[in-house]
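Open your viewer and keep the selection box handy. We will go from stop to stop, picking a few residues each time and saying what is there.

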Amino acid sequence: MQKSTNSDTSVETLSSTRQGTGAVQMRIKNANSHHDRLSQSKSMILTDVGKVTEPMVEKEGYLQKAKIADGGKKLRKNWSTSWIVLSSRKIEFFKESKQQALSNMKTGHKPESVDLCGAHIEWAKEKSSRKNVFQITTVSGNEFLLQSDIDFIILDWFHAIKNAIDRLPKDPDCPPRNMDLFKIQRSSSTELLSHYDSDIKEQKPEHRKSLMFRLHHSASDTSDKNRVKSRLKKFITRRPSLKTLQEKGLIKDQIFGSHLHTVCERENSTVPRFVKQCIEAVEKRGLDVDGIYRVSGNLATIQKLRFIVNQEEQLNLDDSQWEDIHVVTGALKMFFRELPEPLFPYSFFERFLEAIKKQDNNIRIQTMKSLIQQLPPPNRDTMKVLFGHLTKIVAKASKNLMSTQSLGIVFGPTLLRSENETGNMAIHMVYQNQIAELMLSEYNKIFGLQED
């Protein structure tokens with residue numbers, strides 16, 4: 001009888017009979033950990049000559065598992081809890097509970113199995129954000145990640161599997177050459193191909209063809225990746241700055257996405273040309289259109305219009321491709337939405353909110369008028385032109401069904417927003433809409449076109 005080297009309590013019994021052709025050896029292991037307390041090992045060595053009835057179970061328990069490659073083909077990483085059984089030369093993964101897994105093993109149910117012959121095991125910290133992850137890669141190109149949050153459990157599994165793999169080359173059914181073939185598959189070196197050419201030739205033609213395809217595919221893939229990485233690295237280190245490209249005229253200044261004052265300075269104006277063109281087109285053929293500014297236009301056509309404007313190409317909104325007026329209104333809303341700083345500057349956001357909260361309507365209007373006059377010229381003048389245009393939309397509300405409240409809902413959040421959105425977004429939205437509504441209903445007083 002052999003002595004147990006495990007610190008756990010163990011009982012070993014060995015019974016043998018000299019009359020038969022087989023022997024029976026059983027070992028029962030009681031683990032301290034509740035994860036492995038039902039772990040047990042059984043091996044029926046030989047009942048009949050040349051037949052193994054039950055493989056030796058070395059370890060079993062729950063781990064997190066993810067299969068990330070199948071035959072060399074990468075798979076999406078999906079973690080799942082598996083009951084894992086480690087025997088002398090393979091690992092089996094069961095999806096069921098521990099009791100069902102053991103039951104299925106007895107009834108001959110075949111779980112997902114991993115042949116450890118020629119396999120490679122390594123820690124894989126970079127493969128997952130989870131801690132305690134190691135990877136098993138098989139000769140056939142399958143890759144598995146195993147993980148547990150408990151340090152000593154994952155360490156125990158790692159060493160158990162590694163020991164099982166290290167023992168396999170001594171097995172006559174698993175010669176060292178399998179390890180060498182595994183190394184060839186994982187290598188992109190053509191020198192290794194010639195070194196093992198004689199081994200490959202000894203295989204059957206169909207096996208040799210499959211292996212050579214995998215070797216060539218692996219080598220070419222690695223070579224291509226290295227070449228792409230090298231070119232990207234050179235491009236990144238030598239790429240010119242945005243300012244240099246703009247100075248050389250390779251990248252033109254954008255209209256969409258630029259600061260309002262930048263666009264106005266470039267055009268030597270206080271109202272962007274594109275804003276004026278859109279307003280003119282809407283007033284020419286869109287004042288009576290049902291749902292103007294509320295109905296969305298075709299996004300692909302809007303993006304096409306955006307591209308033309310950014311490229312500073314000649315823009316004619318009377319062209320048939322812009323026949324749908326909702327495309328024009330959609331592009332105008334997109335222009336204001338993409339401003340790095342909204343039409344109502346961030347620094348004025350809280351001040352406008354305080355103004356709209358005032359109970360007295362005259363004080364509210366006077367405070368709003370005072371704030372408007374303090375705005376930078378591009379913001380003030382663009383605001384005046386835009387809201388002046390929207391008052392014309394409201395005047396046709398009986399036909400276009402767009403009231404002051406409707407336009408406030410559309411333009412409030414687009415023109416006025418906080419720099420740092422917080423949990424008060426819902427409350428802010430109410431005030432944003434109310435500010436836009438007041439600007440429309442009291443337009444003449446706020447912009448100084450009518451005496452108080």
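## A tour in seven stops

The helices α9 and α11 cross with a left-handed sense. Their axes come within 10 Å and cross at roughly 150 degrees. An angle over 145 degrees counts as roughly antiparallel, so α9 is roughly antiparallel to α11. Before you go on, please keep in mind that this is a predicted model.

**Stop 1: a second helix pair.** Keep α11 (residues 325-337) on screen and add α10. How do these two axes cross? The axes of α10 and α11 come within 9 Å, and the crossing angle is roughly 60 degrees. That angle makes α10 and α11 oblique to each other. The crossing of α10 and α11 is right-handed, whereas that of α9 and α11 is left-handed.

**Stop 2: one face of a helix.** Now select residues 349-356, which form helix α12. Colour F349, F352, L353, A355 and I356, which are buried. Then turn the view until you look down the axis of α12: the buried residues fall within an arc of 160 degrees, so they line one face of the helix.

**Stop 3: an enclosed strand.** Next, select residues 143-147, which make up strand β11. How many of the residues of β11 are buried? Five of the five are, so the strand is largely enclosed by the rest of the structure. Show the side chains to see how both faces are covered: E143, L145 and Q147 are on one side, with F144 and L146 on the other.

Now bring in the partners of β11. Strand β4 (residues 57-70) pairs with β11 in the antiparallel sense, over five bridges. Strand β10 (residues 133-137) also runs antiparallel to β11 and is joined to it by five bridges. Click on F144 in β11 to find where these pairings come together. Its bridge partner in β4 is K67, and I136 stands opposite F144 too.

Follow the chain around the hairpin of β10 and β11, where five residues sit between the strands. One residue to pick out in this hairpin is G141, which takes a positive phi near 95 degrees.

**Stop 4: two backbone angles to look up.** Select N132, in the loop between β9 (120-123) and β10. N132 has a positive phi of about 60 degrees, although it is not a glycine. Then jump to L401, in the loop between α15 (397-400) and α16 (404-415). L401 is not a glycine either, and its phi is positive, at about 60 degrees. Is L401 buried or exposed? With a relative accessible area of 53%, L401 is exposed.

**Stop 5: a salt bridge between strands.** The count for this model comes to 18 salt bridges, and we will visit a few of them. Go back to K67 and show E112 as well: their side chains meet in a salt bridge, 3.3 Å from N to O. E112 lies in strand β8 (residues 112-115) and K67 in strand β4, so the pair ties together parts that are 45 residues apart in sequence. E112 is partly exposed, with a relative accessible area of 29%.

**Stop 6: a salt bridge within one helix.** Select helix α2 (residues 151-167) and find K162 and D166. These two residues are four apart, about one turn of the helix. K162 forms a salt bridge with D166, and the closest N and O atoms are 3.2 Å apart. Both partners are partly exposed: K162 has a relative accessible area of 33%, and D166 has 43%.

**Stop 7: a link between distant loops.** Finally, select K396 and D288, which form a salt bridge with the closest N and O atoms 3.8 Å apart. The pair links distant parts of the chain, 108 residues apart. K396 is in the loop between α14 (377-395) and α15, while D288 is in the loop between α9 (273-285) and α10 (299-310). K396 is partly exposed at 31% relative accessibility, and D288 is partly exposed at 41%.

To finish, select K65, K67, D70 and E112 together: salt bridges that share partners join these four residues into one network.

Methods. Residues numbered from 1 in each chain as written. Predicted model: local features only at pLDDT ≥ 70, side-chain atom pairs only at ≥ 80, totals over all residues. Heavy atoms only, no water. Buried < 20%, exposed > 50% of the residue type's maximum accessible area, 1.4 Å probe, protein only. Pairing = 2+ DSSP bridges. Arc of directions from axis to C-beta. Axes fitted to C-alpha atoms, helices over the stretch in contact; angles between N-to-C directions. Parallel < 35°, antiparallel > 145°, perpendicular 65-115°, else oblique. Left-handed = near helix turned anticlockwise from the far one by under 90°.
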